[in-house]
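I opened this notebook to keep track of what I looked up, one topic at a time. The entries begin with the ligand and move on to the core and a few single residues.

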Amino acid sequence: MSRLHQRVGQIGLGSIGQIYAGHLLDAVEQLRVFDLDQARVDAATGKGALAAASARELAAQCDVILVSLPNPPAVQSAMLGPDGILAGAAPGTTIIDLSTVSPATSREMYAAAAERGVAYLDAPVSGGAPMNGGVEGAAARTITFMVGGDADAFERAKPVMAALGQVMFHIGPAGSGSTIKLISNLMSGIYALVTAEGFALGAAVGLSPQRLVEVFQHTDAKSYFMTDYLVPRLLRGDLDPGFSVALQLKDHRLAAELGHEQRVPLFFNQLAIQFYELMVAQGRAERDVTEALPFLAAQAGVSLSDAAQR
Ligand code: NAD
């Protein structure tokens, strides 16, 4: 595979960011990375990336910058801070922000970048065909991009994004990628809770998770988040994130803000906020969202691992 000649940088090497970095190292001649967590930088440099001392230094040395940060304040600080991207980026730089943030944050970043002649795309991601969710989709290079921003910047960004996934939708102007991503995660976070409720009831009446998923592959209850992400992770006992409860809660909160702005009542989103808030209060913030299944079952006094042995 011929490598891309652009100077590429990546900021944020978390659960999913470290997977992107691995793919980018295969696709580009040089990858510069930055994260506040030095251990994560060291892991990436151990695989061949170059370390930058700050987002500003990274930006000064890159033509295309990918950003994968946990929430709006982290993106604002990495973009606008005195040592941030926009303090270092030259005009003509393209920023591809893969983080899930509010549409208002995306529009604010787009405007700040435009003032400096820098292109900014909100390009959040989700699991895509062939039916892998989140980090597994990223590992399989099958994630879906939902992109907001200028069409010409989208065209320029495509070759770099193609190193991570092939399905790319240009939704519309700045903020529109973030908007559709929040709707997607509002729905998937609720699917996780509906799955948790159904599987707790199933366990209580003696049905194993394996039996339920076998049957639900063929019923109206089917969701690929259930069949291909939540239940396989549950059965392997793989509850490290992945996609953390903290991030799922953040996305429901951002969806609630959007619902408020648009005057759209979001009943089930509010329930999801309360449920994930409870999980965080009970020390589950840094568990994978799959933890919702055993957690809810435990509230009902049933054990999904016992049910899985039946
Ligand atoms: P994470 O919490 O695992 O990692 C975030 C990383 O950002 C950490 O390494 C942290 O040290 C670093 N960081 C925080 N603030 C920083 C700053 N100002 N400058 C530099 N580094 C900073 O998060 P993640 O799971 O990798 O997710 C990243 C983003 O992608 C989030 O917005 C999330 O909602 C979104 N997302 C994640 C998944 C998934 O499956 N994990 C799927 C789709 C979208």
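**Ligand shell.** I began with the classes of residue around the ligand, and found 12 nonpolar, 9 polar and 5 charged residues in the shell; here Ala, Val, Leu, Ile, Met, Phe, Trp, Tyr, Cys and Pro count as nonpolar, Asp, Glu, Lys and Arg as charged, and the others, Gly among them, as polar. I note that this is a predicted model, in which local features need pLDDT of at least 70 and side-chain atom pairs count only at pLDDT 80 or more, while totals for chains, interfaces and linings use all residues. Residues are numbered from 1 along each chain as its sequence is written, and side-chain values use heavy atoms, with hydrogens and water left out.

Which residues come nearest to the ligand? Of the 26 around it (a residue is near if one of its heavy atoms lies within 4 Å), I listed Ser15, Asp35, Arg40, Leu69 and Lys250 as the nearest. I then looked up single atom pairs: a polar side-chain atom of Asp35 lies 2.6 Å from an oxygen atom of the ligand, and a polar side-chain atom of Arg40 lies 2.7 Å from a ligand oxygen. For Leu69 the atom is a backbone N or O, at 2.7 Å from an oxygen atom of the ligand. Taken alone the ligand exposes 840 Å², of which the protein buries 89% (areas by the Shrake-Rupley method with a 1.4 Å probe; for residues, only the protein chains shown count as cover).

I also checked where the shell comes from: helix H4 (72-80), helix H7 (134-139) and helix H12 (245-262) each supply at least two residues. Helices (H or I, at least four residues) and strands (E, at least two) are DSSP runs, numbered from the N terminus. Domain 1 (8-172) and domain 2 (180-308) each give at least three residues to the shell, with bounds from an automatic or database domain assignment.

**Nonpolar core.** Next I turned to the largest nonpolar core, which has 35 residues, and noted that Leu31, Leu66, Ile96, Leu98, Phe145, Met161 and Leu164 touch the most other members. Such a core is a set of buried Ala, Val, Leu, Ile, Met, Phe, Trp, Tyr and Cys residues joined through side-chain atoms within 4.5 Å. Among the elements that give two or more residues to this core are helix H1 (17-27), strand E2 (31-34) and helix H8 (151-161), and H1 supplies the largest share, 6 residues.

**Single residues.** Is Val33, in strand E2, buried or exposed? I entered Val33 as buried because its relative accessible area is 0% (buried is under 20%, exposed over 50%, partly exposed in between, with a 1.4 Å probe and protein chains only). Ser176, in helix H9, is also buried, at 14%, and its side chain reaches the backbone nitrogen of Gly172 at 3.1 Å.

**Backbone.** Most residues other than glycine have a negative phi, and most peptide bonds are trans. Against that background I recorded Arg263, which has a positive phi of about 60° although it is not a glycine; Arg263 lies in the loop between H12 and helix H13 (267-281) and counts as exposed, at 64% relative accessibility. I also recorded the cis peptide bond that joins Pro241 and Gly242, with omega about 20°, and placed Gly242 in the loop between helix H11 (224-236) and H12.

Notes: A polar contact is a pair of N or O atoms within 3.5 Å; within protein, one must be able to donate a hydrogen and the other to accept it, and residues adjacent in sequence count only if both atoms are side-chain atoms.
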